[in-house]
Amino acid sequence: MFCPECESKRELASMEMTPELVEEMAAAEVYADYVGDAIYSQRIAICNKCNHLMNGMTCMNCGCFVQFRARHSQAACVEGKW
């Protein structure tokens, strides 16, 4: 059976992902619940100091690309940092 989520993860894994590319992709996505530039910058600054950030883009606790999660007003850090 085809799993869209797994297929998306496979496709992303095959790309040459960099923090800059992830940021560019996240910035291009339209969000109905975007937190705004100031809060987004604060959240990213917190993530950038976190021991669980891998390669400047992936949270080792939840597996998300922080540049995407930090943009949503209803999202939260799984560590409770924001």
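This passage describes the fold, the confidence and one buried residue of a predicted model.

The chain comprises 4 helices and 2 strands. Read from the N terminus, these elements follow the order α-α-α-β-β-α. Of the contacts in the chain with a separation of 6 or more, 57% are accounted for by residues 24 or more positions apart. Of the 82 residues of the chain, 27% count as buried. The exposed area of the chain is about 5600 Å², of which 56% is supplied by carbon and sulfur atoms.

The mean pLDDT of the chain is 84, and 82% of the residues score at least 70. Confidence varies along the chain: helix H3 (residues 37-49) has the highest value, at 97, whereas helix H1 (residues 4-14) has the lowest, at a mean of 56. Where pLDDT is low, the predicted coordinates should not be read in detail.

Arginine 71 was examined individually. This residue lies in the segment after helix H4 (66-69). Arginine 71 counts as buried because its relative accessibility is 5%, and the cut-off for a buried residue is under 20%. When neighbours within four places in sequence are left aside, arginine 71 is in contact with Glu23, Ala26, Ala27, Tyr31, Asp33, Tyr34, Val35 and Tyr40. Among these contacts are the acidic residues Glu23 and Asp33, together with the tyrosines Tyr31, Tyr34 and Tyr40. Tyr40 falls within the residue range of helix H3 (residues 37-49), the element in which confidence is highest.

Notes. Residues are numbered from 1 along each chain as its sequence is written. This is a predicted model: local features need pLDDT of at least 70, side-chain atom pairs count only at pLDDT 80 or more; totals for chains, interfaces and linings use all residues. Side-chain values use heavy atoms; hydrogens and water are left out. Buried means under 20% relative accessible area, exposed over 50%, partly exposed in between (1.4 Å probe, protein chains only). Contact means heavy atoms within 4.5 Å. Accessible areas come from the Shrake-Rupley method with a 1.4 Å probe; for residues, only the protein chains shown count as cover. pLDDT is the predictor's confidence in each residue, from 0 to 100.
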